[in-house]
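Me: I'm new to reading protein structures, and I'd like to slow down on one part of this one. Could you take me through a single residue and the pocket around it, and then show me what else is worth a look?

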Amino acid sequence: MSDAIISIKPRHVDNILSGAKTVELRTRSITLPAGSRLWVYVTLPVGKVRLSAEIMFTDSLPPEEVWVKYGKEICISKEEFDEYTKGRSVVSAIGLKNVRPLSKDISLNTMREYEKNFQPPQFFSKLCPRRALYSAFYA
(Lines give C-alpha, C1' and ligand atoms only; values in the text may rest on other atoms or scores of the structure.)
Protein backbone atom coordinates (compact mmCIF):
# COMPACT_ATOMS: atom_id res chain seq x y z
CA MET A 1 0.00 0.00 0.00
CA SER A 2 0.93 3.65 -0.28
CA ASP A 3 1.14 6.59 2.08
CA ALA A 4 0.30 10.15 1.09
CA ILE A 5 -0.20 13.52 2.69
CA ILE A 6 -3.31 15.50 1.77
CA SER A 7 -4.36 19.03 2.75
CA ILE A 8 -7.89 19.61 4.04
CA LYS A 9 -9.53 22.73 5.48
CA PRO A 10 -10.15 22.78 9.26
CA ARG A 11 -13.96 22.61 9.11
CA HIS A 12 -13.80 19.52 6.91
CA VAL A 13 -11.28 17.88 9.24
CA ASP A 14 -13.64 18.53 12.15
CA ASN A 15 -16.38 16.74 10.20
CA ILE A 16 -14.06 13.82 9.45
CA LEU A 17 -13.12 13.51 13.12
CA SER A 18 -16.78 13.61 14.18
CA GLY A 19 -17.60 10.83 11.71
CA ALA A 20 -20.05 13.00 9.74
CA LYS A 21 -17.74 13.27 6.71
CA THR A 22 -16.64 9.91 5.32
CA VAL A 23 -15.90 10.97 1.75
CA GLU A 24 -13.29 13.55 0.70
CA LEU A 25 -13.70 15.27 -2.65
CA ARG A 26 -10.98 16.18 -5.15
CA THR A 27 -11.35 17.90 -8.51
CA ARG A 28 -8.76 15.64 -10.15
CA SER A 29 -8.50 11.86 -10.39
CA ILE A 30 -6.58 10.35 -7.52
CA THR A 31 -4.43 7.27 -8.09
CA LEU A 32 -4.00 5.78 -4.63
CA PRO A 33 -5.16 2.22 -4.04
CA ALA A 34 -7.64 1.15 -1.37
CA GLY A 35 -5.79 0.48 1.86
CA SER A 36 -3.43 3.42 1.40
CA ARG A 37 -2.84 5.65 4.43
CA LEU A 38 -3.65 9.36 4.13
CA TRP A 39 -1.98 11.74 6.55
CA VAL A 40 -4.23 14.78 6.84
CA TYR A 41 -2.59 18.18 6.98
CA VAL A 42 -5.06 20.71 8.37
CA THR A 43 -4.61 23.93 6.41
CA LEU A 44 -3.87 27.28 8.01
CA PRO A 45 -4.56 28.69 10.49
CA VAL A 46 -3.98 25.23 12.05
CA GLY A 47 -0.97 24.18 9.94
CA LYS A 48 -0.49 20.66 11.35
CA VAL A 49 -1.04 17.02 10.53
CA ARG A 50 -3.66 15.94 13.06
CA LEU A 51 -4.96 12.60 11.83
CA SER A 52 -4.56 9.71 9.47
CA ALA A 53 -7.17 7.69 7.63
CA GLU A 54 -7.25 4.66 5.40
CA ILE A 55 -8.59 4.89 1.86
CA MET A 56 -11.62 2.63 1.56
CA PHE A 57 -12.15 3.44 -2.15
CA THR A 58 -11.60 6.05 -4.82
CA ASP A 59 -14.29 6.76 -7.35
CA SER A 60 -13.83 9.14 -10.31
CA LEU A 61 -17.12 10.16 -11.90
CA PRO A 62 -18.90 13.15 -13.39
CA PRO A 63 -19.80 15.64 -10.65
CA GLU A 64 -23.55 14.95 -10.91
CA GLU A 65 -22.96 11.25 -10.26
CA VAL A 66 -20.63 11.96 -7.34
CA TRP A 67 -23.28 14.18 -5.76
CA VAL A 68 -26.01 11.55 -6.14
CA LYS A 69 -23.80 8.75 -4.83
CA TYR A 70 -21.87 10.55 -2.05
CA GLY A 71 -23.48 13.95 -1.45
CA LYS A 72 -24.60 13.14 2.10
CA GLU A 73 -21.13 11.89 3.06
CA ILE A 74 -19.21 14.91 1.72
CA CYS A 75 -20.68 17.37 4.28
CA ILE A 76 -21.03 20.40 2.05
CA SER A 77 -24.09 22.05 0.56
CA LYS A 78 -25.13 21.44 -3.04
CA GLU A 79 -24.22 25.07 -3.78
CA GLU A 80 -20.68 24.59 -2.40
CA PHE A 81 -20.35 21.33 -4.32
CA ASP A 82 -21.46 22.96 -7.58
CA GLU A 83 -19.03 25.86 -7.09
CA TYR A 84 -16.13 23.50 -6.23
CA THR A 85 -16.76 21.20 -9.20
CA LYS A 86 -17.69 23.93 -11.71
CA GLY A 87 -16.20 23.24 -15.13
CA ARG A 88 -15.01 19.74 -14.22
CA SER A 89 -16.07 16.73 -16.25
CA VAL A 90 -14.80 14.27 -13.64
CA VAL A 91 -14.15 14.56 -9.89
CA SER A 92 -12.90 12.02 -7.37
CA ALA A 93 -14.54 10.79 -4.21
CA ILE A 94 -12.20 9.26 -1.63
CA GLY A 95 -13.85 7.00 0.94
CA LEU A 96 -12.23 7.25 4.37
CA LYS A 97 -12.17 4.65 7.13
CA ASN A 98 -10.13 3.90 10.25
CA VAL A 99 -9.75 7.61 11.00
CA ARG A 100 -7.21 8.05 13.78
CA PRO A 101 -6.30 11.30 15.51
CA LEU A 102 -2.55 11.48 16.10
CA SER A 103 -1.36 11.31 19.70
CA LYS A 104 0.90 14.26 18.84
CA ASP A 105 0.25 16.69 15.97
CA ILE A 106 3.03 17.12 13.40
CA SER A 107 3.62 20.82 12.76
CA LEU A 108 4.68 22.36 9.48
CA ASN A 109 7.96 23.37 11.15
CA THR A 110 8.61 19.75 12.17
CA MET A 111 7.95 18.56 8.61
CA ARG A 112 10.41 21.17 7.36
CA GLU A 113 13.05 19.77 9.70
CA TYR A 114 12.83 16.58 7.61
CA GLU A 115 12.44 18.33 4.22
CA LYS A 116 13.73 21.88 4.27
CA ASN A 117 11.46 23.35 1.59
CA PHE A 118 8.38 21.22 2.27
CA GLN A 119 5.12 22.82 1.19
CA PRO A 120 1.75 21.25 2.04
CA PRO A 121 0.34 19.73 -1.14
CA GLN A 122 -2.45 21.39 -3.11
CA PHE A 123 -3.64 17.95 -4.28
CA PHE A 124 -1.75 15.17 -2.50
CA SER A 125 1.86 14.08 -2.17
CA LYS A 126 3.03 10.49 -1.97
CA LEU A 127 5.20 9.44 0.95
CA CYS A 128 7.63 6.55 0.63
CA PRO A 129 10.31 5.20 2.98
CA ARG A 130 13.07 6.78 0.82
CA ARG A 131 11.60 10.23 1.38
CA ALA A 132 12.98 12.07 4.42
CA LEU A 133 9.52 13.33 5.41
CA TYR A 134 8.29 9.74 5.78
CA SER A 135 10.25 9.50 9.05
CA ALA A 136 8.21 12.33 10.59
CA PHE A 137 5.10 10.14 10.39
CA TYR A 138 6.69 6.90 11.56
CA ALA A 139 9.07 8.28 14.22
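Reply: Here is a walk that starts at one residue, goes on to the pockets and ends with the aromatic rings.

Keep in mind that this is a predicted model. Let's start with R26, which you'll find in strand β2, residues 23-26. Is R26 buried or exposed? Its relative accessibility is 5%, and buried means under 20%, so R26 counts as buried. What does its side chain reach? It gets to the backbone oxygen of F123, at 3.2 Å. If you skip the neighbours within four places in sequence, R26 touches I6, S7, I8, Y84, V91, S92, I94, Q122 and F123.

Now for the pocket. The largest pocket holds about 570 Å³ of space. It is lined by 20 residues, and R26 is among the closest to its centre, along with K9, E24, L25 and Y84. Y84 is also one of the contacts of R26. Which elements build this lining, giving at least two residues each? They are β1 (3-8), α1 (10-18), β2 and α3 (78-85). The largest share comes from β2, the strand of R26, with three residues. By type, the lining splits into eight nonpolar, five polar and seven charged residues.

Next to R26 in our story comes F124, so to speak. F124 sits in the loop between α4 and β6 (125-127). Along the chain, F124 and R26 are 98 residues apart, while their C-alpha atoms are separated by 9.7 Å. With a relative accessible area of 17%, F124 is buried as well. Leaving out neighbours within four places in sequence, F124 is in contact with A4, I5, I6, I30, T31 and L32. Notice I6 in there: R26 has I6 among its contacts too.

I6 also gives us a way to place L44, a residue in the loop between β3 (37-42) and β4. L44 and I6 are 38 residues apart in sequence, and 13 Å lie between their C-alpha atoms. L44 has a relative accessible area of 63%, and exposed means over 50%, so L44 is exposed.

There's a second pocket to visit. The second largest pocket has a volume of about 210 Å³. Its lining is made of W39, L102, S103, K104, D105, I106, T110, Y114, A136 and F137. Two or more of these residues come from each of β5 (91-107), α4 (108-114) and α5 (134-137). β5 gives the most, with five residues. Here the split is six nonpolar, two polar and two charged.

Two residues of that lining, W39 and F137, bring us to the rings. Ring pairs link W39 and F137 with Y134 and Y138 into a cluster. How many aromatic pairs does the structure hold? There are six. Take F57 and Y70: their ring centres are 5.2 Å apart and their planes meet at 20°, so this pair is stacked. The pair joins distant parts of the chain, since F57 is in strand β4 (residues 48-61) and Y70 is in helix α2 (residues 63-74), 13 residues apart. The two partners have their own settings: F57 is partly exposed at 21% relative accessible area, whereas Y70 is buried at 7%.

Technical notes. Residues numbered from 1 in each chain as written. Predicted model: local features only at pLDDT ≥ 70, side-chain atom pairs only at ≥ 80, totals over all residues. Heavy atoms only, no water. Helix = DSSP H or I, 4+ residues; strand = E, 2+ residues; numbered from the N terminus. Buried < 20%, exposed > 50% of the residue type's maximum accessible area, 1.4 Å probe, protein only. Polar contact = N/O pair within 3.5 Å; in protein donor to acceptor, adjacent residues only side chain to side chain. Contact = heavy atoms within 4.5 Å. 1 Å grid on protein atoms, 1.4 Å probe; cavity = no way out; pocket = protein on both sides within 12 Å on 5 of 7 lines; lining within 4 Å. Points joined across faces, edges and corners; volume = space filled by probe spheres on them. Nonpolar A, V, L, I, M, F, W, Y, C, P; charged D, E, K, R; others polar. Phe/Tyr/Trp six-rings, centres within 6.5 Å; stacked < 30°, edge-to-face > 60°.
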